[in-house]
Amino acid sequence: MKRISHWIDGKVVPGNSGRTGPVYNPALGEQSAEVDLASAEEIDFAVASAKKAFSSWRAVGLSRRAEILFRMRELLDANRKEVAALVSSEHGKVLSDAEGEVARGLENLEFACGVPHLLKGAYSEQVSRGVDVHSVMQPLGVVAGITPFNFPAMVPLWMMANAIACGNAFLLKPSEKDPSASMLIAELWKRAGLPDGVFSVVHGDKVAVDRILEHPDIAAVSFVGSTPIARHIYETGTHYGKRVQALGGAKNHMVVLPDADVGLAADAAVSAGYGSAGERCMAIAVIVAVGAIADPLVAAIEERVSKLKVGPGDDPSSEMGPLVTREHLQKVSSYLDAEALGGAQVVVDGRRHTPPGSGFFIGPSLVDHVRPGSRVYDDEIFGPVLSVLRVGTYAEAVELVNSNPYANGVAIFTRDGGAARQFGVDAEVGMIGVNVPIPVPVSYYSFGGWRASLFGDTHMYGPDGIRFYTRSKVVTSRWPDPATSSIDLGFPQHR
Ligand code: NAD
């Protein structure tokens, strides 16, 4: 059986904790590998290597850092199919979708290639007679990233590109469910010329994460995952004096106004609801149909859903792959039980449309007349179950969106520019799409939700990412003529 070990100090390091976890091929429903799960001592070992590497990496010139980032960008681009194949084989998503995730990750490297510009401080001459002030942005030290199963390449790249560009040493604890992509990325960094220890990968579970949170030599933690764990990471990490950004779960709504184009809205709902089998934090989980559009919209979605091809991720004809584990499959299926539906009507039952074999497959499901208070609405399902809620007015739709505990993304579909603009003002959500169902910001903006979808002050990647991975310092200087020197006990004034 394939064994996946850690990457420390520029090489593969077999785990010695005696604990491993299973990695599955979800399309076959079989275990494909075992991954080492780090002990607290192994985390300490990796942090020590990263700390040593940091002291010289922070001193490497910006042009040289940019050169390594450019090379890494080229290498990842050249290996995008290999990374995507690893992602698909352990996560289950179809290959085209996995390649899309690598492409979005590449954008983060491209942004970070601009690090000589991004780390420019400010300079003010003559703030007082003969006194100048400048600000600098310096790296934090060893920083850690803890990432979820659903984007095993892209989400780590959201973090590592900026963290490394800013001069930090970055330690990744990827999801133990699909850990292989991170190992290939580590090899690519080495080939790009990144000094050993600046990028490390330690696999693990709660034991590894809890040591990361309390380790005195880790300055900051970036986390992406479910809301309960995000809250734990934020509370524990800040308790230990770390800078923490912890992105949590989601329940994204797509509001469809009565004037929207039904075909266009239905295409978008199906793409965003069932892409990656709904295992995206920006997936659309709820359609909010306003007024008379509900009946034609549900009919148009139903027609499209029944044609979707579910199958293995490496079959080019598959549009939707399996779920990540059997446990997750069982959880997602349970939302189609009467107890979870709370009176809602199942229009398409995905349990009836699964390919043969023992893969973790479930077909796409569509549920209509869903109401708040039912489990199918209240919970983050993270699977291919799309709910339709019917409301009478725009105001009711906004009220629904704003009263949900999650606030990651939201979309509005309409032909009315004024209504769309007002929605941008009214919706209390971090990322908003206007006729765009999955509004993941490009790499030169930042990604983050509100409320239970993000704990911390800074969003991820883009300008916020640079702020998160640096701290600023302000230097006030004066070069006086010793002949004019005198003692003055007054508080410094600048006029
Ligand atoms: P998860 O919270 O179970 O795991 C995320 C990470 O935390 C993994 O590395 C895991 O090993 C670790 N972890 C799990 N349990 C832990 C514990 N008890 N203590 C410490 N660490 C623990 O999330 P997941 O199932 O891997 O990913 C799916 C979730 O991630 C969904 O809720 C999804 O919405 C969310 N997500 C959010 C975003 C976003 O940007 N907001 C992006 C992608 C995924």
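In this tour, helices are DSSP runs of at least four residues, numbered from the N terminus. The structure on display is a predicted model.

**Stop 1: the ligand**

Select the ligand and the residues around it. Which helices supply at least two residues each to this shell? They are helix H8 (206–214) and helix H9 (227–239). Of the 28 residues around the ligand, the nearest are Pro148, Gly225, Ser226, Gly249 and Cys281. If the shell is coloured by class, 12 nonpolar, 11 polar and five charged residues appear. Both domains take part: domain 1 (2–248 + 453–475) and domain 2 (252–434) each give at least three residues to the shell.

**Stop 2: the two domains**

Next, colour the two domains separately. Domain 1 consists of residues 2–248 together with 453–475, whereas domain 2 covers residues 252–434. Their C-alpha centres are 31 Å apart. Where the domains touch, domain 1 contributes 17 residues and domain 2 contributes 26 residues. On the side of domain 1, helix H3 (80–91) and H4 each provide at least two of these residues. That side of domain 1 comprises eight nonpolar, six polar and three charged residues.

**Stop 3: helices H4 and H6**

Now select residues 95–112, which form helix H4, and residues 154–165, which form helix H6. Two packed helices are described by the angle between their axes and the distance between those axes. Here the angle is about 10 degrees, and the axes are 8 Å apart. Angles under 35 degrees count as roughly parallel, and H4 and H6 are therefore roughly parallel to each other.

To see the contact itself, show Glu101, Arg104, Gly105, Asn108, Leu109, Phe111 and Ala112 in H4, which meet Met154, Leu157, Trp158, Ala161, Asn162 and Ala165 in H6. By class, this contact holds eight nonpolar, three polar and two charged residues.

**Stop 4: two residues with positive phi**

Most residues other than glycine have a negative phi. Select Ala277, which is not a glycine and yet has a positive phi of about 55 degrees. Ala277 sits in the loop between helix H10 (262–274) and strand S14 (284–290). Is Ala277 buried or exposed? Ala277 counts as buried, because it has 34 C-beta neighbours inside 10 Å.

Move on to Arg451, another residue that is not a glycine, whose positive phi is about 45 degrees. Arg451 belongs to strand S21 (residues 450–451). With 17 C-beta neighbours inside 10 Å, Arg451 is classed as partly exposed.

**Stop 5: Pro439**

Select Pro439 in the loop between strand S20 (431–434) and S21. Pro439 has 19 C-beta neighbours inside 10 Å and so counts as partly exposed. Add Met282 to the selection: Pro439 and Met282 are 157 residues apart along the chain, and their C-alpha atoms are separated by 7.6 Å. Which residues is Pro439 in contact with, leaving aside its neighbours within four places in sequence? They are Gly409, Ala411, Met431, Ile432 and Gly433.

**Stop 6: Glu302**

Finish at Glu302 in helix H11 (residues 294–305). Glu302 has 15 other C-beta atoms within 10 Å, so this residue is partly exposed. When neighbours within four places in sequence are left aside, Glu302 is in contact with Val347, Val348 and Leu366. Lastly, draw a line from Glu302 to Val207: the two residues are 95 residues apart in sequence and 44 Å apart in space, C-alpha to C-alpha.

Definitions and conventions:
Residues are numbered from 1 along each chain as its sequence is written. This is a predicted model: local features need pLDDT of at least 70, side-chain atom pairs count only at pLDDT 80 or more; totals for chains, interfaces and linings use all residues. Axes are lines fitted to C-alpha atoms, for helices over the stretch in contact, and angles run from 0 to 180 degrees between N-to-C directions. Angles under 35 degrees count as roughly parallel, over 145 as roughly antiparallel, 65 to 115 as roughly perpendicular and the rest as oblique. Two residues are in contact if their C-beta atoms, placed from the backbone, lie within 7 Å. Ala, Val, Leu, Ile, Met, Phe, Trp, Tyr, Cys and Pro count as nonpolar, Asp, Glu, Lys and Arg as charged, and the others, Gly among them, as polar. A residue is near a molecule or strand if its C-beta atom, placed from the backbone, lies within 6 Å of it. Domain bounds come from an automatic or database domain assignment. A residue is buried if 20 or more other C-beta atoms lie within 10 Å of its own, exposed if 12 or fewer, and partly exposed in between; C-beta atoms are placed from the backbone.
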